[in-house]
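The following exercises ask the reader to work from a model to a description of its fold. Each task is followed by a solution in steps.

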Amino acid sequence: MKEIEINKYNWEVIYTSEERSIVDNLAEGKIIRCFIEDEWLCLTKYDDEIYAFKDKCPHAGASLFRSECKDGKVVCPIHRYGFDLKTGRGHGLYLENYPVILHDDKYWIGFKKNFLGF
Ligand code: FES
């Protein structure tokens, strides 16, 4: 189980209690997308944890929705760069990622607060 500093993030519901089965039943390595805060984010499951990341490769901006996820990495379909699902690191670049939690029967995604705490 990953440790998350809850107070460092602003949390948004991405799947309500009626929709949570979409995430509950997500197969390992399969990628789904959700649209939130004016952008597409991808979600996948690895080792029974849910990971969320921006649907935009940090190399040249390709969509990662049709990527392959294996061995804890999301592999971009364009130039095959792999990015670690936990850290976002890969090829000297960082894939923007977001924590996901199940709370109050809903899935929430965390957006890091800025230095002023907003
Ligand atoms: S666009 Fe993703 S690796 Fe180049």
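Helices and strands are taken here as DSSP runs, a helix having at least four residues and a strand at least two, numbered from the N terminus. The model is a predicted one.

**Exercise 1.** State how many helices and strands the protein has, and give their pattern along the sequence.

*Solution.* Counting the elements gives 1 helix and 12 strands. Reading along the sequence then gives β-α-β-β-β-β-β-β-β-β-β-β-β.

**Exercise 2.** Determine whether the radius of gyration agrees or disagrees with that of a compact globule.

*Solution.* Begin with the chain length: for 118 residues, a compact globule would have a radius of gyration near 13 Å. The protein has 14 Å, which agrees with that expectation. Along the principal axes, its C-alpha atoms fill a box of roughly 40 × 35 × 30 Å. Turning to burial, 25% of the 118 residues count as buried. As for contacts between residues at least 6 apart in sequence, 43% join residues at least 24 apart.

**Exercise 3.** Establish the strand order of the open sheet of 4 strands, and explain which strands stand at its edges.

*Solution.* The order is S2-S3-S4-S10, and the pairing is antiparallel. Strand S2 (31-36) and strand S10 (97-98) each have a single partner strand, so one side of each lacks a neighbour in the sheet, and these two strands stand at the edges. The partner next to S2 in the order is S3; S3 spans residues 39-46, and the antiparallel pairing of S2 with S3 runs over 6 bridges. At the residue level, Arg33 stands opposite Cys42 in S3.

Technical notes
Residues numbered from 1 in each chain as written. Predicted model: local features only at pLDDT ≥ 70, side-chain atom pairs only at ≥ 80, totals over all residues. Rg over C-alpha atoms; globule rule 2.2 N^0.38 Å. Buried ≥ 20, exposed ≤ 12 C-beta atoms within 10 Å, placed from the backbone. Contact = placed C-beta atoms within 7 Å. Pairing = 2+ DSSP bridges.
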